[in-house]
Amino acid sequence: MVLALAVGTYAFRLVGPALHGRVELPDRVRVLLSVGAVVLLVALMATGALTEGGDFAGWARPAGVAVGGVLAWRRAPFVVVVLGAAAATAALRAAGVP
């Protein structure tokens, strides 16, 4: 199964450069693909931030993710985003927030 996923991933990586300039997507499709990518990333972030083992993860983790999201939105460097999110989560957990 892992080999099949690896081959599929590699095939997707090859299709981009191979079809560059040959296929022209309508503007509406480009907008929908862009919005779809953002929606998937937000859903992944929400799932990872709010749940742990099928249950609510507590308030510290979503707060840390929110801090990281604000820093990323403000275009902070990646290291600052990660460290800020981790520091906020650690501070809340040290203060007793689950």
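**Close-up views of a predicted model**

**View 1. Alanine 11, in helix H1, counts as partly exposed at 36% relative accessibility.** The structure shown here and in the other views is a predicted model, and alanine 11 is found within its helix H1. Helix H1 covers residues 2–19, and its 18 residues should span 26 Å at 1.5 Å a residue, a value that agrees with the 26 Å separating its end C-alpha atoms. The number of buried residues among the 18 of H1 is zero, so this helix lies largely in the open. Just after H1 comes glycine 21, which takes a positive phi of about 90°. Looking further along the chain, alanine 11 is 45 residues apart in sequence from phenylalanine 56, and the distance between the two in space, taken from C-alpha to C-alpha, is 37 Å.

**View 2. Phenylalanine 56 and tryptophan 59 form an aromatic pair.** The count of aromatic pairs comes to one. In this pair, phenylalanine 56 and tryptophan 59 have ring centres 5.1 Å from each other and planes at 65°. Because planes over 60 degrees apart count as edge-to-face, the arrangement of phenylalanine 56 and tryptophan 59 is given that description. How exposed are the two partners of the pair? Phenylalanine 56 is partly exposed, with a relative accessible area of 46%, whereas tryptophan 59 has a relative accessible area of 59% and is exposed.

**View 3. Helix H2 packs with helix H3.** Two packed helices are described by the angle between their axes together with the distance between those axes. For H2, which holds residues 27–50, and H3, which holds residues 60–73, the angle is about 145° and the axes are 8 Å apart. On the side of H2, the residues that take part are Met45, Gly48, Ala49 and Leu50, and they meet Arg61, Pro62 and Val65 of H3. Sorted by character, the residues of this contact of H2 with H3 comprise five nonpolar residues, one polar residue and one charged residue.

**View 4. Helix H3 has buried residues that pack against H2 and H4.** The buried residues in H3 are Ala60, Pro62, Gly64 and Gly68. Glycine 69, which also belongs to helix H3, counts as partly exposed, at 32% relative accessibility. The C-alpha atom of glycine 69 is separated by 9.8 Å from that of glycine 84, although the two residues are 15 residues apart along the chain. As for its length, H3 has 14 residues that should span 20 Å at 1.5 Å a residue, and this agrees with its end C-alpha atoms, which are 20 Å apart.

**View 5. Threonine 89 is a buried residue of helix H4.** Is threonine 89 buried or exposed, and at what relative accessibility? Threonine 89 counts as buried because its relative accessibility is 15%, and the term applies to values under 20%. When its neighbours within four places in sequence are left aside, threonine 89 is in contact with Ala60, Arg61 and Gly64. Of these partners, Ala60 and Gly64 are themselves listed as buried in H3, while Arg61 is also one of the H3 residues that meet H2.

**View 6. Arginine 74 and arginine 75 lie in the loop between H3 and H4.** Arginine 74 is exposed, with a relative accessible area of 63%, and arginine 75 is exposed as well, with a relative accessible area of 76%. Most residues other than glycine have a negative phi. Arginine 75, which follows H3, has a positive value instead, for its phi is near 65°. Arginine 74 and serine 34 are 40 residues apart in sequence, and their C-alpha atoms are 20 Å apart in space.

**View 7. The confidence of the prediction, expressed as pLDDT, averages 93 over the protein.** A score of at least 70 is reached by 100% of the residues. Where in the protein is confidence lowest, and where is it highest? Confidence is lowest in strand E1, made of residues 51–52, where the mean is 89, and it is highest in helix H4, made of residues 78–94, at 97. Helix H4 is also the element in which threonine 89, the subject of an earlier view, is found.

Technical notes:
Residues are numbered from 1 along each chain as its sequence is written. This is a predicted model: local features need pLDDT of at least 70, side-chain atom pairs count only at pLDDT 80 or more; totals for chains, interfaces and linings use all residues. Side-chain values use heavy atoms; hydrogens and water are left out. Axes are lines fitted to C-alpha atoms, for helices over the stretch in contact, and angles run from 0 to 180 degrees between N-to-C directions. Helices (H or I, at least four residues) and strands (E, at least two) are DSSP runs, numbered from the N terminus. Contact means heavy atoms within 4.5 Å. Ala, Val, Leu, Ile, Met, Phe, Trp, Tyr, Cys and Pro count as nonpolar, Asp, Glu, Lys and Arg as charged, and the others, Gly among them, as polar. pLDDT is the predictor's confidence in each residue, from 0 to 100. Rings of Phe, Tyr and Trp (its six-membered ring) pair if their centres lie within 6.5 Å; planes under 30 degrees apart count as stacked, over 60 as edge-to-face and the rest as tilted. Buried means under 20% relative accessible area, exposed over 50%, partly exposed in between (1.4 Å probe, protein chains only). The expected span of a helix is 1.5 Å times one less than its number of residues.
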